[in-house]
Amino acid sequence: MTTIHGIINRGIVNSELQFEKMGYVSTNIANYNTHGYKAVRFEQILDENGYLTGVERTDYSPGALQITSNNFDVGIDGMGFIPVTSPTGDVAYTREGSFKLNKDGYLITNDGYLVGDGIQLPVNYENIEIKANGNVEIYSNDGTQRETLGTIPLVNFLNPEGLKKADNNKFYLTEESGEPILDKNNTKFRQGKLEVTNVDIISQVNTVMRLNASMLASFKVMQTVNEMYTNVLQLNQ
């Protein structure tokens with residue numbers, strides 16, 4: 001038999017879970033214009049006692065590719081991640097390919113991570129081309145001379161949902177994700193394009209509206225139960 005205390009406790013726990021889900025949805029909406037951002041969903045399950053439990057899941061499905069005017073931008077047309085190395089040597093994985101050059105001519109992310117193992121462009125290079133397989137090539141002005149400077153790698157994971165999410169659209173491997181698997185037959189890179197987020201903004205707004213209605217109903221129930229509990233205490237005095 002469920003007591004008044006149990007009803008109040010269950011209402012509080014379930015409301016906290018609803019607030020937590022609202023936080024994930026708000027984050028998705030806030031990152032709608034962030035290139036390469038992957039939508040996060042908070043799946044809730046109602047147990048036999050009426051309590052909600054939840055688990056975070058990331059949607060790694062590819063987003064659409066947007067044309068840019070930057071030859072250092074690289075979009076991934078399909079699944080996979082680009083390994084990037086921090087200044088301290090930590091390896092992360094990302095799908096955001098908005099790259100640039102640092103003062104030493106190395107291809108880096110916007111926050112200073114080296115792309116791959118480090119691809120350095122000479123000071124006097126002319127035209128640059130990033131092939132679908134990741135080869136970074138420079139050409140002379142007349143296009144007669146070509147040099148391959150390195151290759152941007154693409155890797156996959158057996159369980160990408162096991163990756164640990166970090167700031168700036170980066171992920172780190174875990175035991176659950178498994179080790180990265182190099183895509184030796186990669187043809188997915190698209191120069192001059194960036195992947196937009198896969199957030200479905202209409203779905204997210206609808207979720208906010210449903211959560212708002214659900215939380216208001218929960219608060220109303222708890223308020224009613226609290227009033228009943230107060231009346232019972234007054235009758236016992």
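Which residues does phenylalanine 99 touch, not counting residues up to four places away in sequence? In this predicted model, phenylalanine 99 touches Asn70, Phe72, Asp73, Val74, Ile82, Leu107, Ile108, Thr109, Val115 and Ile152, contact meaning heavy atoms within 4.5 Å. Residues are numbered from 1 along each chain as its sequence is written, and side-chain values use heavy atoms, with hydrogens and water left out. Local features need pLDDT of at least 70 and side-chain atom pairs count only at pLDDT 80 or more, whereas totals for chains, interfaces and linings use all residues.

The protein has 237 residues, of which 36% are buried (under 20% relative accessible area, with exposed over 50% and partly exposed in between; 1.4 Å probe, protein chains only). Its secondary structure consists of two helices and 18 strands, taken as DSSP runs numbered from the N terminus (helices H or I, at least four residues; strands E, at least two). Of the contacts between residues at least 6 apart in sequence, 59% join residues at least 24 apart. About 13,600 Å² is exposed, and carbon and sulfur atoms supply 51% of this area (Shrake-Rupley method, 1.4 Å probe; for residues, only the protein chains shown count as cover).

Phe99 is also among the residues that touch the most other members of the largest nonpolar core, together with Ile82, Leu107, Ile152 and Phe189. This core has 19 residues, a nonpolar core being a set of buried Ala, Val, Leu, Ile, Met, Phe, Trp, Tyr and Cys residues joined through side-chain atoms within 4.5 Å. At least two of its residues come from each of strand 4 (74-76), strand 5 (82-85), strand 10 and strand 11. Another core, of seven residues, lies apart from it and includes Phe81, Tyr93, Phe157 and Leu163.

Strands 10, 11 and 12 form, in that order, an open sheet with antiparallel pairing (two strands pair if DSSP finds at least two bridges between them). Strand 10 (127-130) and strand 12 (146-151) are at the edges with a single partner strand each, so one side of each has no neighbour in the sheet. Strand 11 (residues 135-139) is joined to strand 12 by five bridges, and asparagine 135 stands opposite threonine 151.

Threonine 174 is located in the loop between strand 15 (170-172) and strand 16 (181-182). Its side chain reaches the backbone oxygen of glycine 162 at 2.5 Å, and a polar contact of 3.2 Å joins it to the side chain of glutamate 176 (a pair of N or O atoms within 3.5 Å; within protein, one must be able to donate a hydrogen and the other to accept it, and residues adjacent in sequence count only if both atoms are side-chain atoms).
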